[in-house]
Number of protein chains: 2
Amino acid sequence: MIRVAIVEDDPLTAELHTAYVERLDGFEVIGSAGNAREARKLIGAADAAIDLVLLDLTLPDIGGLDLARAMRSAGLSIDIIAVTAVRDIAAVQTAMSFGAVQYLIKPFTFQVFQEKLLAYAAYRSRLSSASSATSQAEIDRLLAVPRSSSAAAALPKGLTAATLDAVSRALRESPAPLSAAELAERGDLSRVTARRYLEHLADIDLASREPRYGTPGRPEVAYRWLSHPSPDRL
Amino acid sequence: MIRVAIVEDDPLTAELHTAYVERLDGFEVIGSAGNAREARKLIGAADAAIDLVLLDLTLPDIGGLDLARAMRSAGLSIDIIAVTAVRDIAAVQTAMSFGAVQYLIKPFTFQVFQEKLLAYAAYRSRLSSASSATSQAEIDRLLAVPRSSSAAAALPKGLTAATLDAVSRALRESPAPLSAAELAERGDLSRVTARRYLEHLADIDLASREPRYGTPGRPEVAYRWLSHPSPDRL
DNA sequence: CGGGTTGCGTTCATATTGGTCACCGGCGTG
DNA sequence: CACGCCGGTGACCAATATGAACGCAACCCG
């Protein structure tokens with residue numbers, strides 16, 4: 001059983017992540033913390049014996065990266081999966097230098113989450129089953145992270161990962177909600193295709209629909225990128 | 001230029017590693033230290049601006065792992081490659097939790113050493129060229145590099161080095177991205193073969209896929225050569 | 001209050017390309 | 001010399017974005 005602590009300031013998101021973890025066999029949630037102070041207490045508790053921390057990098061009191069540093073200073077080698085909405089390469093690099101084993105970008109679907117945690121579990125069992133490494137090649141094999149392609153299989157028929165990625169990016173980078181027609185113009189796509197992908201994003205709760213009234217003609221629905229998916233969608 | 005510090009207690013080995021580093025283009029040795037105290041001074045020097053430390057884990061005064069911890073405590077996110085004769089899984093795991101990007105077992109050949117450092121260089125240039133990541137997939141791609149090894153060495157079944165070389169060259173010399181059909185026409189290959197090799201190049205991150213939208217019919221995917229570290233050095 | 005107008009949502013046929021499978025020719029081997 | 005393995009090829013079926021046609025939901029005007 002891999003014992004997980006969740007450090008996340010938004011209670012709704014924390015609850016969602018807890019539910020995610022508990023859906024996976026072999027994982028259990030030991031506790032959660034909403035800020036760094038609580039997290040320190042949680043992790044420091046003698047009977048906790050935590051294996052893995054899902055660490056949000058944006059906490060109210062001190063940054064998650066500082067918390068990670070503090071953990072390392074204390075000599076704790078608990079594994080960390082960084083969870084954040086920050087899409088900053090520098091943050092990624094810093095997190096990795098503190099020994100984060102994975103970097104998850106919010107919001108994520110259960111599939112992506114599952115993939116990362118299962119990869120971690122595999123890594124963990126590999127390490128524990130091998131008592132001592134005998135060669136460089138073996139070390140390399142132990143540390144290798146398997147290429148994941150399970151996410152692609154979860155796509156409904158007729159949709160492409162590359163296109164979905166392009167649509168997601170365009171929507172995310174737009175400050176205002178986008179209609180299918182507007183996104184089509186930006187992304188060199190047809191209106192029909194743009195709508196299909198936007199509908200998919202809305203279906204998996206990565207985007208919300210917002211009808212626009214007030215103009216003549218049939219109302220146009222605009223889509224807004226969601227950074228906090230609702231937890232009722234399990 | 002990647003600035004390297006070498007921390008190694010045995011002078012002969014330190015010299016050897018220095019020579020190894022200097023055989024590689026794009027790397028330079030800033031200094032070396034024989035124990036943790038010297039290492040701290042070397043790394044702390046304001047004008048050092050060190051990118052990478054080759055860190056021996058068995059030092060006379062304090063352990064290399066403790067030095068790594070001290071570096072992290074100080075907020076330094078300098079990359080570390082752990083170098084040691086210790087074949088202990090626990091040490092590997094601890095080193096990785098302190099954010100080591102590689103783990104090299106002494107003694108190693110120049111080949112192995114080169115492979116690890118070139119992989120690191122690729123990882124680094126990838127990170128610096130991308131200012132902000134846009135998707136989980138991209139993060140995964142960025143982070144996959146440093147820990148996977150010998151990707152180029154082992155060719156999958158059904159591929160030939162000569163053909164791969166020809167395809168690589170053709171793609172590299174083309175200013176615009178090329179589709180499989182286009183490359184087939186240029187290179188005297190069938191579309192099928194061209195596609196197989198282009199897919200391989202994309203899989204090992206030497207090329208990127210870019211679907212072309214806007215025209216009726218199924219979108220055509222074009223491949224673009226990614227210009228990072230020199231492949232002629234292999 | 002109801003019919004007309006206006007756009008967008010939705011569906012469907014179509015145009016292309018992707019992916020796969022069974023063959024073919026060549027090279028090494030016994 | 002026959003055999004077997006292996007990589008490249010042609011042709012097939014499946015996949016996926018496009019454009020146009022149709023229908024619907026909200027505004028507007030009489």
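Let's begin at the backbone of DNA strand D, where a phosphate oxygen is 2.9 Å from a polar backbone atom of S190(B). Please keep in mind that this is a predicted model.

**Around DNA strand D**

S190(B) also belongs to a wider group: 34 residues surround DNA strand D, and those that come nearest are S190(A), T193(A), R196(A), T163(B) and S190(B). Of the atoms of this strand that come within 4 Å of the protein, sugar and phosphate account for 77%. Chain B offers further examples of phosphate contacts. G158(B) places a backbone N or O atom 3.2 Å from a phosphate oxygen of DNA strand D, and R196(B) brings a polar side-chain atom to 3.2 Å from a phosphate oxygen of that strand.

As for secondary structure, helix 10 (191-203) of chain A and helix 9 (191-203) of chain B each supply at least two residues of the surface near DNA strand D. By class, that surface has 11 nonpolar, 16 polar and 7 charged residues.

**Around DNA strand C**

Now to the other strand. DNA strand C has 16 residues around it, with R195(A), G217(A), R218(A), R191(B) and R195(B) coming nearest. Here sugar and phosphate make up 56% of the strand's atoms that come within 4 Å of the protein.

Bases take part in these contacts: a polar side-chain atom of R191(A) lies 3.2 Å from a base nitrogen of DNA strand C, and a backbone N or O atom of G217(A) lies 3.2 Å from a base oxygen. V221(A), in turn, has a backbone N or O atom 3.2 Å from a phosphate oxygen of DNA strand C.

The elements that each give at least two residues to the surface near DNA strand C are helix 10 and strand 8 of chain A, together with helix 9 and strand 8 (220-225) of chain B. The residues of this surface divide into 6 nonpolar, 2 polar and 8 charged.

Here are the individual DNA contacts in one view.

| Protein residue and atom | DNA atom | Distance |
|---|---|---|
| G158(B), backbone N or O | phosphate oxygen, DNA strand D | 3.2 Å |
| S190(B), polar backbone atom | phosphate oxygen, DNA strand D | 2.9 Å |
| R196(B), polar side-chain atom | phosphate oxygen, DNA strand D | 3.2 Å |
| R191(A), polar side-chain atom | base nitrogen, DNA strand C | 3.2 Å |
| G217(A), backbone N or O | base oxygen, DNA strand C | 3.2 Å |
| V221(A), backbone N or O | phosphate oxygen, DNA strand C | 3.2 Å |

**A sheet in chain A**

Strand 8 of chain A is also part of an open sheet of 3 strands, ordered 6-8-7 with antiparallel pairing. Strand 6 (178-179) and strand 7 (207-212) form its edges, each pairing on one side only. Strand 7 and strand 8 (residues 220-225) of chain A run antiparallel and are joined by 6 bridges. In one of the bridges, A207(A) has W225(A) of strand 8 as its partner.

**Where the two chains meet**

Finally, the protein chains touch each other: 44 residues of chain A are in contact with 41 of chain B. Between them they bury about 3900 Å², with 57% of it on carbon and sulfur atoms. On the side of chain A, I89(A), Q136(A) and L143(A) lose the most area, together 16% of what that side buries.

The interface holds 2 salt bridges. K116(B) forms one with D140(A), whose closest N and O atoms are 3.1 Å apart. There are also 8 residue pairs in polar contact across the interface, both residues at pLDDT 80 or more. Helix 8 of chain A gives the most to the side that touches chain B, with 6 residues. That side comprises 19 nonpolar, 12 polar and 13 charged residues.

Key:
Residues numbered from 1 in each chain as written. Chains lettered and ligands numbered in written order. Predicted model: local features only at pLDDT ≥ 70, side-chain atom pairs only at ≥ 80, totals over all residues. Heavy atoms only, no water. Near = heavy atom within 4 Å. Polar contact = N/O pair within 3.5 Å; in protein donor to acceptor, adjacent residues only side chain to side chain. Helix = DSSP H or I, 4+ residues; strand = E, 2+ residues; numbered from the N terminus. Nonpolar A, V, L, I, M, F, W, Y, C, P; charged D, E, K, R; others polar. Contact = heavy atoms within 4.5 Å. Buried area = accessible area lost by both parts, 1.4 Å probe. Salt bridge = Lys/Arg side-chain N within 4 Å of Asp/Glu carboxyl O. Pairing = 2+ DSSP bridges.
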